[in-house]
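Let us walk through a protein chain together, starting with the whole and ending with single residues. Please keep the sequence and the structure in view as you read.

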Amino acid sequence: MKKLFIFVLTAVLLCLCMTAMAAKKEYNPYEKYVTEDKKYQETLLTINSVKMSKLPKVAVMYVNNSQADYYKAIDKEVMKNFKVILNPYVYQFVDGTPYMKELAEMGIEDITTAERADILDIYENTDIDYVIFLQIEPMWRKDKVSTFSKGKEMTAIAPFKMLDVKRKKALYNGRITRVGESSTMFFKLGNKSVALEAIELINEKINYEIKKRLPKYKYGQATVLDKKPVTITVEPKASENKTSAKETVNVN
């Protein structure tokens, strides 16, 4: 009887543990640092719903493959940067995780090897306008020692892509490499601070390319400032002074 009781108790505890593990929320850096950011969500509430519907949707597919113990600190820096550069008054920042899962179901686990057509196909029947893909790869550490100091370098490599879904073309495709470095005479240097310095430099390059290449409007909805001015030449009437010059008017 005692053995039966122990067996039943063990089975119940096992079921409870499995239920708790199943109920545990899957870690998602977008949800952690964007959805759960109250200040950012309050900013979204200040945007008129009509204006929001006119903003281009940008899906960000982000993979942290750094294999670092401080990977969450890297996620925080990356997401914090995207929240700023993808200004909520200009773009709709969308979680690209569900689309990465679709690619995985197609057998594409490593998105860096995915063809542009494969990525665009999963967005074809959606309302997404642009796609950004960023992956942080394992970092390379280099220790430097001199007579009076010791230093450390961390090299970060990040494949980065920007795609225009509606036009089915690439806006940017490359690998960003940046080096963070620090040195000291007396104190011990950790990897984390130097690595985050490299991530900050990666973010600067990302910001430059987004500002330069990512349109601020949906396909076919260019703003007045984006359109070239139309020049209309007005001929003087016969009754007017014949010596009057032609007038040129810019119409936006």
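The paragraphs below go from the overall chain to its interior and then to one helix.

This is a predicted model, in which local features need pLDDT of at least 70 and side-chain atom pairs count only at pLDDT 80 or more, while totals for chains, interfaces and linings use all residues. Residues are numbered from 1 along each chain as its sequence is written, and side-chain values use heavy atoms, with hydrogens and water left out.

The secondary structure of the protein chain comes to eight helices and eight strands, where helices (H or I, at least four residues) and strands (E, at least two) are DSSP runs numbered from the N terminus. Of the 252 residues in the chain, 37% are buried, that is, under 20% relative accessible area with a 1.4 Å probe, protein chains only.

Turning to the interior, the largest nonpolar core has 40 residues; such a core is a set of buried Ala, Val, Leu, Ile, Met, Phe, Trp, Tyr and Cys residues joined through side-chain atoms within 4.5 Å. Its largest share, eight residues, comes from α8. Ile132 is among the residues with the most contacts inside this core, and, leaving aside neighbours within four places in sequence, Ile132 is in contact (heavy atoms within 4.5 Å) with residues including Val58, Phe82, Leu86, Ile210 and Leu214. A second, separate core of 17 residues includes Ala59, Tyr99, Ile111 and Leu163.

Finally, in helix α7 (residues 116-123), Ile119, Leu120, Ile122 and Tyr123 are buried. These residues lie on the same side of α7 because they cover an arc of only 160° around the axis, the arc being that of the directions from the helix axis to the C-beta atoms.

Conventions:
Buried means under 20% relative accessible area, exposed over 50%, partly exposed in between (1.4 Å probe, protein chains only).
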